[in-house]
Amino acid sequence: MKKFLIFILILILIAAGLCGWAIYKNHDPDKFSKNTYINGIDCSGKTVKAAAQTLTEKWNRKALTIKKNGRTIDRINYFDFEYDIEDQLEELKGGDIIASVLSYYGIKKNEHQIDMNIVEQTKYFKNKVNEIDFPVDGKMKRTKDASLDLSNYKYIIIPEVYGNVPSKKKIRKAIVASIENGDFEFEYDGSDYCTKPKIRSDNEKLLKKQKFWRKYMSCRMVLDLGYRKMMVDPYELKKMIKVKNGERIILPQGVRDFVNSIAMGAEERYNSYKDTYGRAMNRGRCVKDMLRMLRADKGGTIKVRYTRGSAHMGGTYVDIDISAQHLRVYVNGKVKVDTPVVTGNHDNGQDTPLGTYKVFNKMSPAVLEGYNNDGTKYASPVEYWMPFNGGVGMHDASWKSVYGGTEYLHNGSHGCVNMPLKAARKTYGIIKIGTVVVVHQ
């Protein structure tokens with residue numbers, strides 16, 4: 001019995017010694033003990049800072065596989081995140097004494113799990129996710145809020161659209177959560193990441209807005225500019241009308257501002273020598289007509305008036321509009337010739353040069369000579385030749401059957417203005433040497 005007690009005592013002393021040695025070697029309050037694994041990564045003998053660095057490096061080297069219905073869409077093989085984990089590691093540091101002893105002798109590992117909280121999404125990560133082509137079920141359709149159609153005066157509500165295009169922002173957020181949780185196989189389901197409309201057709205504010213526009217902004221005005229008709233946009237109309245205490249107030253300055261803004265495009269002014277050529281919009285008349293219509297609160301069409309060819313506008317001149325492929329001859333403000341034309345070939349870089357010129361010669365008949373693009377020489381007889389810029393001028397073109405439209409883009413002239421014979425004859429009879437020719441877009 002006495003020998004047995006001595007044996008037990010020896011075992012206790014040995015165990016105590018082994019425990020003491022393990023504690024001495026393995027239990028450091030500033031470091032993790034031997035066989036300590038955090039999120040499956042060996043952090044044995046490391047300080048909190050060193051362990052955080054190891055975890056960051058190892059975690060960022062993991063590859064994330066993105067799948068849809070089990071099929072791999074793409075992979076991200078590297079991350080450059082920073083992780084907010086040191087506070088969690090501080091709580092684990094040192095550990096309890098028994099765990100230190102067991103881990104020192106390999107009896108049991110110190111295994112811990114922590115949240116790998118990502119500090120922020122980096123530019124690199126955002127770009128990698130944004131570059132991935134996430135599949136869309138069916139035809140691509142983007143989410144849209146319900147809105148009020150202000151393109152016309154019906155003011156209908158355009159219904160909301162539930163799209164199927166995933167939000168990359170939502171996907172990135174979900175991927176970040178997956179990485180933080182240590183799940184590096186991300187299953188993508190597009191329906192989970194589509195944004196929903198914030199404003200629906202039954203939205204109270206939207207319905208009130210519709211009621212307001214229909215009540216106070218119903219005066220549909222159309223301006224006949226001569227070359228086209230333009231509806232006054234409801235957005236512009238709102239600048240001309242103020243609503244106060246339910247009363248509709250017309251703002252003359254708003255009307256003047258609008259007329260001045262469109263006049264820049266409606267007017268044509270070309271300065272050369274001592275005169276200005278083109279047309280001037282009668283702005284005052286337009287403002288009065290619009291104010292009259294607004295006060296009556298009845299829509300309609302207003303014909304815009306112009307001053308053409310008056311003394312200060314240059315009198316008689318030829319107007320060549322490249323974009324419209326049209327030529328007009330003005331005599332004291334009245335159009336005497338109005339014809340489609342074909343100007344210089346745009347595709348070949350032979351556009352009729354823009355600018356303000358003067359007719360410097362007249363010949364009838366004449367033979368126009370020059371070189372084609374392939375170097376061959378041409379000699380084209382014409383009935384009427386009216387040059388205004390070197391070898392560029394106006395003339396009839398018997399070889400042409402189509403004038404106007406887009407003919408000049410692919411089948412234009414060498415730079416001259418080709419005219420139908422009848423229009424060329426009439427123009428030749430009106431203009432004189434010194435008559436101004438305005439070429440513009």
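User: Before Leu223 is considered, what makes two strands count as a pair?

Analyst: Two strands pair if DSSP finds at least two bridges between them. This is a predicted model, and in it Leu223 stands opposite Ile302 in strand β15. Strand β9 (residues 221-224) and β15 (residues 300-303) run parallel and are joined by four bridges.

User: Which strand pairs with β9 in the antiparallel sense?

Analyst: Strands of a sheet pair through backbone hydrogen bonds, either parallel or antiparallel. Here the antiparallel partner of β9 is strand β10 (residues 229-231), with three bridges between the two. One of the facing positions is Asp224, whose bridge partner in β10 is Lys229. The two strands, β9 and β10, make a hairpin with four residues between them. In that turn, Gly226 has a positive phi of about 95°.

User: How should one read the side chains along β9, and are they buried or exposed?

Analyst: In a regular strand the side chains alternate between the two faces of the sheet. In β9, Met221 and Leu223 point one way, while Val222 and Asp224 point the other way. All of these residues are buried.

User: What is the strand order in the open sheet that contains β3?

Analyst: The order is β4-β3-β8, an open sheet of three strands with mixed pairing. Its edge strands are β4 (71-76) and β8 (185-187), each of which pairs on one side only. From one strand to the next, the twist averages 25°. Strand β3 (residues 64-68) and β4 pair in the antiparallel sense through five bridges. Within this pairing, Thr65 of β3 is found opposite Arg75 in β4.

User: How many aromatic pairs does a search of the whole structure find?

Analyst: The search finds 15 aromatic pairs. Among them is the pair of Phe79 and Phe81, which is stacked, with 5.7 Å centre to centre and 15° between the planes. The pair counts as stacked because planes under 30 degrees apart are classed in that way. Both Phe79 and Phe81 are buried.

User: Which residues form one aromatic cluster with Phe79 and Phe81?

Analyst: The cluster joins these two residues with Trp59, Tyr83, Phe125 and Phe184.

User: Where does Lys362 lie with respect to Tyr428?

Analyst: A charge counts as sitting over a ring when, for lysine, NZ is within 6 Å of the ring centre and within 35 degrees of the ring normal. In this model, Lys362 lies over the face of Tyr428, at 4.5 Å from the ring centre.

How values were computed
Residues are numbered from 1 along each chain as its sequence is written. This is a predicted model: local features need pLDDT of at least 70, side-chain atom pairs count only at pLDDT 80 or more; totals for chains, interfaces and linings use all residues. Side-chain values use heavy atoms; hydrogens and water are left out. Buried means under 20% relative accessible area, exposed over 50%, partly exposed in between (1.4 Å probe, protein chains only). Rings of Phe, Tyr and Trp (its six-membered ring) pair if their centres lie within 6.5 Å; planes under 30 degrees apart count as stacked, over 60 as edge-to-face and the rest as tilted. Axes are lines fitted to C-alpha atoms, for helices over the stretch in contact, and angles run from 0 to 180 degrees between N-to-C directions.
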